[in-house]
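Got your viewer open and a selection box ready? Load the model below and let's walk through it stop by stop.

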Amino acid sequence: SDFSLGSVYEMDENRFVIAGLVKSEDAMNPPNQEPPPENETFEQQAARKLRDYRGKVLIVDRTSKAVSFEYTTPDGSYASDAVVDDNGLVIAAESAFSSNTGRIVKIDEFGNIIWQIGSGVFSKINDVRSQHNGHVIVST
């Protein structure tokens with residue numbers, strides 16, 4: 001598959017939670033045919049080359065390969081890590097393609113963000129972990 005891996009964690013003996021990046025076909029966002037500017041910065045180049053990619057968090061069954069959960073990150077960001085907490089909520093680390101920023105979100109079983117922290121607090125996020133007391137540990 002075209003899935004670029006951020007992380008994989010074994011939830012239980014039958015399921016994995018997977019975070020990463022996947023190419024997305026978006027009819028509302030057709031490919032740009034214009035040549036890149038000559039003085040393009042690294043951040044501009046990253047944003048241009050990754051504009052057709054979206055971050056994903058999946059929960060996948062080991063045997064059947066069935067996807068029981070899918071969350072897509074906002075434009076311009078990717079899922080660098082994800083875990084499931086003791087309450088069954090997915091905790092995802094999202095990092096931006098073109099800036100040194102990230103956020104942590106808690107997502108319910110329907111894909112709704114029910115809690116977040118970020119908005120400039122974090123740089124690129126490497127790892128996120130959930131503790132049994134509900135606290136979240138973040139590594140940048």
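The tour goes through a core, a few residues in and around it, and then a patch on the surface.

Keep in mind throughout that this is a predicted model.

**Stop 1: the core.** Select Val 17, Ala 19, Val 57, Ile 59, Phe 69, Tyr 71, Ala 79, Ala 82, Val 90, Ala 92, Val 105 and Ile 107, and show their side chains. These 12 residues form the largest nonpolar core. Which elements give two or more residues to this core? Colour β2 (15-23), β3 (53-61), β4 (67-72), β5 (77-84), β6 (90-96) and β7 (102-107), and you have them. Another core, of 7 residues, lies apart from it; try picking out Val 83, Ile 91, Ala 93 and Val 128, which are among its members. As general background, nonpolar side chains in soluble globular proteins tend to be buried together.

**Stop 2: Val 105.** Staying with the largest core, click on Val 105. Beyond its neighbours within four places in sequence, Val 105 is in contact with Tyr 71, Val 90, Ile 91, Ala 92, Glu 94, Ile 113, Trp 115 and Gln 116.

**Stop 3: Ala 82.** Next, select Ala 82 in strand β5. Is Ala 82 buried or exposed? Its relative accessible area is 0%, so Ala 82 is buried. Leaving out residues up to four places away in sequence, Ala 82 touches Ser 7, Tyr 9, Val 17, Ala 19, Val 57, Val 90, Ile 91, Ala 92 and Val 128.

**Stop 4: Ser 7.** From Ala 82, jump to Ser 7: the two are 75 residues apart in sequence, yet their C-alpha atoms sit 7.0 Å apart in space. Ser 7 belongs to strand β1 (residues 4-10) and counts as buried because its relative accessibility is 9%, with the cut-off for buried being under 20%. What does the side chain of Ser 7 make a polar contact with? Draw a distance to the side chain of Asp 81 and you should get 2.7 Å. Then draw another from the backbone nitrogen of Ala 82 to a polar atom of the Ser 7 side chain, where the value is 3.5 Å. Setting aside residues up to four places away in sequence, Ser 7 touches Val 17, Ile 18, Ala 19, Ser 80, Asp 81 and Ala 82.

**Stop 5: out to the surface.** Finally, switch to a surface view and select Ile 114, Trp 115, Ile 117 and Val 121. Together they make a nonpolar surface patch of about 360 Å². Zoom in on Val 121, in strand β8 (residues 113-122). Val 121 counts as exposed because its relative accessibility is 56%.

Terms used
Residues numbered from 1 in each chain as written. Predicted model: local features only at pLDDT ≥ 70, side-chain atom pairs only at ≥ 80, totals over all residues. Heavy atoms only, no water. Core = buried A, V, L, I, M, F, W, Y, C linked by side-chain atoms within 4.5 Å. Buried < 20%, exposed > 50% of the residue type's maximum accessible area, 1.4 Å probe, protein only. Helix = DSSP H or I, 4+ residues; strand = E, 2+ residues; numbered from the N terminus. Contact = heavy atoms within 4.5 Å. Patch = residues over 30% accessible without salt bridge, like charges linked within 9 Å, V, L, I, M, F, W, Y side chains within 5 Å. Areas by Shrake-Rupley, 256 points an atom, 1.4 Å probe, with all protein chains shown as cover. Salt bridge = Lys/Arg side-chain N within 4 Å of Asp/Glu carboxyl O. Polar contact = N/O pair within 3.5 Å; in protein donor to acceptor, adjacent residues only side chain to side chain.
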